[in-house]
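Grab a coffee and work through a few exercises on a metal site and some internal cavities. Try each task on your own before reading the solution.

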Amino acid sequence: MRIVIENAAIATVDGDEGAGTEYTRGHVVVDDGVIEAVGEGPAPDGQADRRVDATGCLVTPGFVNTHHHLYQWATRGYAQEATLFEWLTALYPVWAGIDETIVHAAAVAGLTRLARTGCTTAADHHYVIPRDGGDTFGATVEAARRVGIRLHGVRGSMDRGESQGGLPPDSIVETMDGALTGTAEAIDTFHDPSPGSFTRIAVGPCSPFSVSTDLMRTAAELARDKGVRLHTHLAETLDEERQCLDEFGCTPAELADDLGWLGDDVWLAHGIHFSDGAVARLGATGTGVAHCPTSNSRLGAGIARVRDLVHAGAPVGLGVDGAASNEDGGLGVELRQAVYLARQVKGPHSATARDGLWLATRGGARCLGREAEIGSLEAGKQADLAVWRLTGMNHAGIADPVAALVFGALPPLALLLAGGNVIVEDDEIRTVSEADAAAALGAASRALAEKS
Ligand SMILES: [Zn+2]
């Protein structure tokens with residue numbers, strides 16, 4: 001299948017830190033799922049199975065979501081005025097009722113929402129594994145196959161319930177051995193390391209306050225033994241920092257360092273409360289950070305030092321986080337949220353619209369270790385791209401298409417391709433029925449609420 005997209009503004013995001021080649025009226029040629037050519041003017045070789053006249057559109061790389069909990073789509077709207085620890089304490093008993101049917105409905109809805117907002121690769125951190133819930137992790141993998149975007153499924157775990165000084169109730173934690181066995185099985189069953197893969201698995205004990213240090217350490221060893229990446233929550237709130245200082249006599253970043261959890265195969269969710277020393281250490285080790293600006297705002301957690309981290313050399317991408325702390329669940333709006341939050345700290349010169357686009361694309365690809373395959377529009381990379389229609393009233397007259405995308409309302413998608421496959425067209429998801437997904441999500445949310 002050869003697709004030729006012409007007459008579009010194009011932001012390739014082929015540079016570092018908010019830079020990249022742009023074309024005012026250019027072309028993208030896709031052949032067999034891979035980008036064959038990108039440039040100014042008409043396509044050099046006009047042969048096409050499909051030709052798209054993208055006049056008035058902006059083409060960007062597909063967005064990369066670096067942190068999510070798709071199962072939380074079934075628990076939106078709870079604990080609306082809560083700190084992280086209050087919110088978790090309210091939601092753990094509800095999450096205890098999830099099963100594979102509920103998770104599948106939640107994941108189809110969440111992945112559909114991501115695709116509808118420009119996302120072609122999503123990391124999902126699944127750490128609630130009830131004993132009688134069936135294959136909740138596999139349900140997410142299956143949902144991603146249906147929706148058709150790339151999944152980085154993080155097999156999460158918790159082994160430190162209340163009786164061990166942890167935050168979650170004992171009823172929803174696993175044993176350390178159970179967590180390690182389940183994680184190894186998930187890798188062996190689903191992980192596809194091949195270039196252009198649509199399913200990768202990572203290892204993800206949940207957080208220092210729900211996981212034993214033994215599990216953190218052995219999980220890191222397992223990940224490195226299997227050659228997969230590592231992901232966890234870190235430095236999200238000051239409550240977490242205080243608890244870590246009280247219990248371990250060190251900051252969360254120091255604890256992670258001690259446990260083997262800094263490195264260029266690790267990306268951390270949130271990473272808000274870092275000292276200058278910690279920022280430098282993350283940069284030196286190449287440890288990534290998934291910046292989740294909307295979730296951080298809903299929980300009043302703080303503002304990550306994105307610019308400092310990027311300058312230090314740490315890969316930084318964007319994440320929507322679970323929909324229980326970000327009911328919108330869309331990735332597109334996070335670009336603006338990230339830019340505006342950064343400006344609240346260091347002023348309007350400190351972050352550009354292109355910085356927001358870079359975080360959502362190349363920065364995210366770097367976090368997931370996939371910069372050679374995705375995250376920019378360059379010949380030889382996977383054909384993951386979004387064609388944004390900027391011709392409506394919401395964007396008319398904004399001369400800079402990247403500013404229209406990031407500062408304006410999220411535009412409709414004329415087309416979204418993942419590996420050259422059509423996922424969204426004319427602002428409609430084409431791989432699943434959105435009406436069916438909404439109905440299943442409503443039923444799953446009600447079923448879960450009745451259980452709790
Ligand atoms: Zn999270």
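The exercises below deal with a predicted model.

**Exercise 1. Find the residues that coordinate the zinc ion, and work out how they are spaced in sequence.**

Step 1. Start at the metal and look for donor atoms. You should land on the NE2 atoms of H67, H69 and H233, plus an OD atom of D321, at 2.1 to 2.5 Å.

Step 2. Now put those donors in sequence order. The spacing reads H-x1-H-x163-H-x87-D.

Step 3. Place two of them, H67 and D321, on the chain. H67 sits in the loop between β6 (63–65) and α1 (84–95), while D321 is in the loop between β13 (316–318) and α11 (332–346). That pair links distant parts of the chain, 254 residues apart.

**Exercise 2. Decide whether the arrangement around the zinc ion is tetrahedral or irregular.**

Step 1. Get the angles that the four donor atoms subtend: they run from 87 to 177 degrees.

Step 2. Check them against the cut-off. Four donors count as tetrahedral if all angles lie between 85 and 135 degrees.

Step 3. Draw the conclusion. Because the angles span 87 to 177 degrees, the arrangement is irregular.

**Exercise 3. Are H67 and D321 buried or exposed?**

Step 1. Recall that buried means under 20% relative accessible area.

Step 2. Take H67: its relative accessible area is 0%, so H67 is buried.

Step 3. Do likewise for D321: at 4% relative accessibility, D321 counts as buried too.

**Exercise 4. Count the cavities of 30 Å³ or more, then describe the largest cavity.**

Step 1. The count gives five cavities.

Step 2. For the largest cavity, the volume comes out at about 170 Å³. It has 14 lining residues, and the closest to its centre are V306, R307, A351, D355 and L359.

Step 3. Sort the lining by element. α10 (306–312), α11 and α12 (353–367) each give two or more residues, and α12 gives the most, with four.

Step 4. Sort the lining by class: eight nonpolar, three polar and three charged.

**Exercise 5. Which residues lie closest to the centre of the second largest cavity, and which element gives the most to its lining?**

Step 1. This cavity holds about 120 Å³ of space. Of its 17 lining residues, L84, L88, Y127, H233 and E236 are the closest to the centre.

Step 2. Look for a familiar name in that list: H233 is also a donor to the zinc ion.

Step 3. Finish with the tallies. α1 gives the most to the lining, with four residues, and by class there are eight nonpolar, seven polar and two charged residues.

Technical notes: Residues numbered from 1 in each chain as written. Predicted model: local features only at pLDDT ≥ 70, side-chain atom pairs only at ≥ 80, totals over all residues. Heavy atoms only, no water. Donors = N, O, S within 2.8 Å, 3.2 Å for Na, K, Ca; no water. Tetrahedral: all angles 85-135°; square planar, octahedral: opposite > 155°, others 65-115°. Buried < 20%, exposed > 50% of the residue type's maximum accessible area, 1.4 Å probe, protein only. 1 Å grid on protein atoms, 1.4 Å probe; cavity = no way out; pocket = protein on both sides within 12 Å on 5 of 7 lines; lining within 4 Å. Points joined across faces, edges and corners; volume = space filled by probe spheres on them. Nonpolar A, V, L, I, M, F, W, Y, C, P; charged D, E, K, R; others polar.
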